[in-house]
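Biologist: Could you walk me through this model and show how each label was earned? I'd like the value set beside its cut-off each time.

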Amino acid sequence: MSKLRTFLRLPMREKLMLPEALVLSGYYRYLILHRPFARISPKIGTLGCETPETEVRDEAVGQVSQAVSIICNRTPWESKCLVRALTAKKMLNRRKLPCTLYMGVTLQENGEMVAHAWLRCGRKYVSGGNGSRQYTVTTIYGDQQEINN
């Protein structure tokens with residue numbers, strides 16, 4: 001019941017982001033499972049392009065981050081870092097907010113290699129935290145500046 005009350009208190013703009021995040025997270029989970037990454041990657045953004053770390057004064061950045069977190073914590077499918085980052089990136093792009101998706105790897109003490117994806121919009125990390133502190137960045141997908149127009 002408390003989750004329902006929390007939902008009802010959300011502003012309408014944020015309520016409308018939740019179904020969008022749900023559909024997109026399911027779509028990206030499906031793509032990750034059923035398509036080679038080489039077919040997905042051209043649609044993510046421009047390879048090697050990084051957006052500037054300028055201040056973004058749009059409350060949609062925080063709202064998208066929150067919506068993706070709320071939904072991806074509750075999906076019946078696995079919605080880990082890459083699904084979250086792709087979902088948030090698409091939602092921000094729809095709002096004409098440029099962002100950069102990072103992918104990286106690290107080697108754990110037991111010798112296991114672990115991958116991670118995170119998303120940055122301006123100076124704010126939207127999903128996955130600031131992975132560059134723990135992970136070696138292997139790939140960057142950014143948006144061209146025409147999104148700002």
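Modeller: Gladly. Let's begin with a definition: a salt bridge is a side-chain nitrogen of Lys or Arg within 4 Å of a carboxyl oxygen of Asp or Glu. By this rule the count comes to nine salt bridges. Please keep in mind that this is a predicted model.

Biologist: What makes Arg94 and Glu20 a salt bridge?

Modeller: The closest N and O atoms of Arg94 and Glu20 are 3.0 Å apart, and the cut-off is within 4 Å, so the pair qualifies. Arg94 lies in helix α5 and Glu20 in helix α2 (residues 12-34), so the pair ties together parts that are 74 residues apart in sequence.

Biologist: Why is Glu20 called buried, and why is Arg94 called partly exposed?

Modeller: Buried means under 20% relative accessible area, and Glu20 has 15%, so the word applies. Arg94 has 49%; partly exposed covers what is neither under 20% nor over 50%, so that is the label for Arg94.

Biologist: How do you know that Glu50 and Arg120 form a salt bridge?

Modeller: Their closest N and O atoms are 3.8 Å apart, which is within 4 Å, so the pair counts. Glu50 lies in the loop between β1 (46-47) and α4 (60-72), while Arg120 lies in strand β3 (residues 113-121), so parts 70 residues apart in sequence are tied together. Glu50 is partly exposed at 42% relative accessible area, whereas Arg120 is buried at 0%.

Biologist: What makes Asp143 and Lys89 a salt bridge, and are these two residues buried or exposed?

Modeller: The N to O distance for Asp143 and Lys89 is 2.5 Å, so the pair meets the limit of within 4 Å. Asp143 belongs to the segment after β5 (136-142) and Lys89 to helix α5, so this pair ties together parts 54 residues apart in sequence. Asp143 has a relative accessible area of 6% and is buried; Lys89, at 2%, counts as buried too. Elsewhere, salt bridges that share partners join Arg13, Asp58 and Glu59 into one network.

Biologist: On to the helices. How do you know that the length of α5 agrees with a helix of 14 residues?

Modeller: Helix α5 covers residues 81-94, and at 1.5 Å a residue it should span 20 Å; its end C-alpha atoms are 20 Å apart, so the two values agree. The 13 residues of α4 pass the check as well, because 18 Å is expected and its end C-alpha atoms are 18 Å apart. α2, with 23 residues, reaches 34 Å from its first C-alpha to its last, close to the expected 33 Å.

Biologist: Which residues of α4 are buried, and what do they pack against?

Modeller: Among them are Val61, Val64, Val68 and Ile71. The buried residues of α4 pack against α2, α5, β3 and β4 (124-127). In α5 the buried residues include Leu82, Leu86 and Met91, and in α2 they include Met17, Leu24 and Tyr28.

Biologist: What makes Lys96 stand out after α5?

Modeller: Lys96 has a positive phi of about 60° although it is not a glycine. Lys96 sits in the loop between α5 and β2 (100-107). Its relative accessible area is 49%, so it is partly exposed.

Biologist: And the sheet: why are β1 and β4 called edges?

Modeller: Five strands form an open sheet in the order β1-β5-β2-β3-β4, with antiparallel pairing. β1 and β4 each have a single partner strand, so one side of each is left without a neighbour in the sheet.

Biologist: How do you know that β1 and β5 pair?

Modeller: Pairing needs at least two bridges; β1 and β5 have two, in the antiparallel sense, so they pair. Thr46, for instance, has Gly142 in β5 as its bridge partner.

Biologist: One last label: why is Leu8 called exposed?

Modeller: Exposed means over 50% relative accessible area, and Leu8 has 53%, so it passes. Leu8 is in helix α1 (residues 2-9). Together with Leu4 and Phe7, Leu8 forms a nonpolar patch on the surface, with about 270 Å² of accessible area for the three together.

Key: Residues are numbered from 1 along each chain as its sequence is written. This is a predicted model: local features need pLDDT of at least 70, side-chain atom pairs count only at pLDDT 80 or more; totals for chains, interfaces and linings use all residues. Side-chain values use heavy atoms; hydrogens and water are left out. Patches are made of residues with over 30% relative accessible area and no salt bridge: like charges are joined within 9 Å, nonpolar side chains (Val, Leu, Ile, Met, Phe, Trp, Tyr) within 5 Å. Accessible areas come from the Shrake-Rupley method with a 1.4 Å probe; for residues, only the protein chains shown count as cover. Helices (H or I, at least four residues) and strands (E, at least two) are DSSP runs, numbered from the N terminus. Buried means under 20% relative accessible area, exposed over 50%, partly exposed in between (1.4 Å probe, protein chains only). The expected span of a helix is 1.5 Å times one less than its number of residues. Contact means heavy atoms within 4.5 Å.
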